[in-house]
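User: Please go through this model with me. I would like the helix, the cysteines and the core covered.

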Amino acid sequence: ELVKKGYNPEVVDLISLKPFDMETISKSIKKTRKALIVEECMKTGGIGASLSAVINESLFNDLDHEVVRLSSQDVPTAYAYELEAATIVQSSQVVESVERMCGATVAA
């Protein structure tokens, strides 16, 4: 959906969470100057919080925008699909966050 809107997103799928692959993360941030962390864990105490802290501590001067985190809500995840969908990150939220980070929708 982002490509259809004219964006060229770079996705870094972290295979290693401990330690973080800071070489790959650093290259991506220096290229894009932005960081959007998307995770299915709860926001409080999630891995995204640790990653955001590390990025802010070591790559702050390379960012043009604050680190944005999208994660599940801090509630138990339900088994019913409709309720689960209401608690986890949806693609529309990713698109909205990218548009907000970039300032406006890019013309396709």
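Analyst: Buried means under 20% relative accessible area, exposed over 50%, and partly exposed in between (1.4 Å probe, protein chains only). This is a predicted model, where local features need pLDDT of at least 70, side-chain atom pairs count only at pLDDT 80 or more, and totals for chains, interfaces and linings use all residues. Residues are numbered from 1 along each chain as its sequence is written, and side-chain values use heavy atoms, with hydrogens and water left out.

User: Which residues of α4 are buried?

Analyst: Helices (H or I, at least four residues) and strands (E, at least two) are DSSP runs, numbered from the N terminus. The buried residues of α4 pack against β1 (36–42) and β2 (68–72), with contact meaning heavy atoms within 4.5 Å. They are Val94, Val95, Ser97, Val98, Glu99 and Met101.

User: Is Cys102 buried or partly exposed?

Analyst: The relative accessible area of Cys102 is 40%. Cys102 therefore counts as partly exposed.

User: How many disulfides are there?

Analyst: A disulfide is a pair of cysteine sulfur atoms within 2.5 Å. By this rule the count is zero.

User: Which element gives the most residues to the largest nonpolar core?

Analyst: A nonpolar core is a set of buried Ala, Val, Leu, Ile, Met, Phe, Trp, Tyr and Cys residues joined through side-chain atoms within 4.5 Å. The largest has 10 residues, including Phe20, Ile25, Leu51 and Val67. Two or more of its residues come from each of α1 (22–32) and α2 (47–59). The element giving the most, with three residues, is α2.
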